[in-house]
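These are my notebook entries on a structure that I had not examined before. I record what I looked up, entry by entry.

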Amino acid sequence: MASAREMKLRIKSVKNIAQVTRALETVSASKVRKAVNAVTATRSYATKAWQVLKHVAEQPGRDSLHPLLAQRKEIKNTLVVVITGDRGLAGAYNSNVIRYASQRFDKNPVPVKYIAVGRKGRDLLVRRRKDVIGDFSNLPAAPTFFDVSAIGRLAVDAYKNGEVDEVYLLYTDFINMARQVTSVKKLLPLELTDEGRVHDFEQAKPTGPSAAYDYEPDQSIILDEIIPRFTALQVYQAILESQASEHAARMVAMHAATDNAKDLAGAYQLAYNKVRQQGITNDILDIVGGAEALSAK
Amino acid sequence: MTIRCEIVSQDRTVFAGDVDIVVLPGAGGEMGILPKHAPVLTTLKYGVIKIRKGGKEELFTVAGGVAEVQPDIVTILADAAENINEIDVSRAEDARKRAEEILSKGIPADTDVYLAMEAALRKSNLRLDAVNRYRKGGTRVPTSEN
């Protein structure tokens, strides 16, 4: 058994760790509140924008409407936008995303390129020798649409100039504080059925084949304006969802870490008390033994 | 017979309800939308959206955006939208002054700054115009003194 002195140091360090994790938990709790506000505020706009995009895609002859709507016959390259956090200590949050990515895309029949959003995801992808063509790290805590529109633009441009033929968005959907779900969404060309979609766009009720739109001012002008923009908006919404998820995951992980540290400190304290008591008992035995030896004389 | 109307801006739902008619500032001019309108997709100009429901009229400023019209629903995706009764006149006044001040010092070298300032100026002008023209009772009359 370790000496009492060593154990005292151990207890102290475990308690320090508990303090740090508790602080991190508190910080995440306030961050998650802000992030959830941000994500719910933009959700209705993003949902409506997605509906409009879908209606446009349901138009007869969508392939000729706009280059971003056209489905290509031959898929030669796939692009995946992977959204993770910049920091660790968030439980399985980051590794879940990357694990999902390799489950979903490692056996992809065509080469896959990645755009990494978040430092952790970039590092993990690079370590696995993936083809990372873009890296967006250190996003601000509450990004505005303009902060992240470059990400959507990069994806749209890569699609437009034929570098890739389909674009997926991989992110973590925020359901509630205890549940975040890694999800994938096909961004380009627009997919009418969603895969791995849990809650946010369910309000889009199925409308039959709608009549052709009248466009004002002009079909190509309006589609040119809204399609890239709404696509970038989906990226923005995914980033907000992911950030809320990250903070929630970190909060839960740090809560568990604080609990564990407390348990550990308790166990060490018990062991320390035993060692200390043992020492006292031994001392008393020594004294008693000594006294008896004296009186026996 | 009513038509559903939903106005959402990037950060919130501004209006949602069943209405009799929606008049919106489309790219090609004012458009009045009644129930069973043919599907239309249009961009919006800076202007005022009017919604009438059972004789009552509600007004919203809109700073550009997109409107999608389906026979039973009008979806307005506004870059920014506000109920006229919610406009804070003194704030709009301040924003206008600030933008004017910066623009009067000459065109900022940074194009983004310039565009942002110009947009801010247009938005506050739109708000103030709308309030002057439409708001009744004069709860907060714009005065240049404060």
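Entry on the surface. In this predicted model, I looked up a nonpolar surface patch and found that A:Ile280, A:Ile284 and A:Val288 make it, with an area of about 230 Å². I then asked in which helix A:Ile280 lies. A:Ile280 belongs to helix H6 of chain A, which covers residues 219–296. I also looked up the relative accessible area of A:Ile280, which is 34%. A:Ile280 therefore counts as partly exposed, because that class lies between the buried limit of under 20% and the exposed limit of over 50%.

Entry on strand S1. I turned next to strand S1 of chain A, residues 78–83, and asked how many of its six residues are buried. I found that six of the six are buried, and I noted the strand as mostly covered. I checked each face of S1(A) in turn: A:Thr78, A:Val80 and A:Val82 are buried on one side, and A:Leu79, A:Val81 and A:Ile83 are buried on the other.

Entry on the neighbours of S1. Which strands of chain A pair with S1(A)? I found strand S4, residues 166–176, paired with S1(A) in the parallel sense over five bridges. Within S4(A), A:Leu170 is the bridge partner of A:Val82. I also found strand S2, residues 112–117, paired with S1(A) in the parallel sense over six bridges. Within S2(A), A:Val112 is the bridge partner of A:Thr78.

Entry on the connection. I lastly looked up the unit that S1(A) and S2(A) make with helix H3 of chain A, residues 93–105, and recorded a right-handed β-α-β unit.

How values were computed:
Residues are numbered from 1 along each chain as its sequence is written. Chains are lettered from A and ligands numbered from 1 in the order in which they are written. This is a predicted model: local features need pLDDT of at least 70, side-chain atom pairs count only at pLDDT 80 or more; totals for chains, interfaces and linings use all residues. Side-chain values use heavy atoms; hydrogens and water are left out. Patches are made of residues with over 30% relative accessible area and no salt bridge: like charges are joined within 9 Å, nonpolar side chains (Val, Leu, Ile, Met, Phe, Trp, Tyr) within 5 Å. Accessible areas come from the Shrake-Rupley method with a 1.4 Å probe; for residues, only the protein chains shown count as cover. A salt bridge is a side-chain nitrogen of Lys or Arg within 4 Å of a carboxyl oxygen of Asp or Glu. Helices (H or I, at least four residues) and strands (E, at least two) are DSSP runs, numbered from the N terminus. Buried means under 20% relative accessible area, exposed over 50%, partly exposed in between (1.4 Å probe, protein chains only). Two strands pair if DSSP finds at least two bridges between them. A crossover is right-handed if, with the strands pointing away from the viewer, the path from the first strand over the helix to the second runs clockwise.
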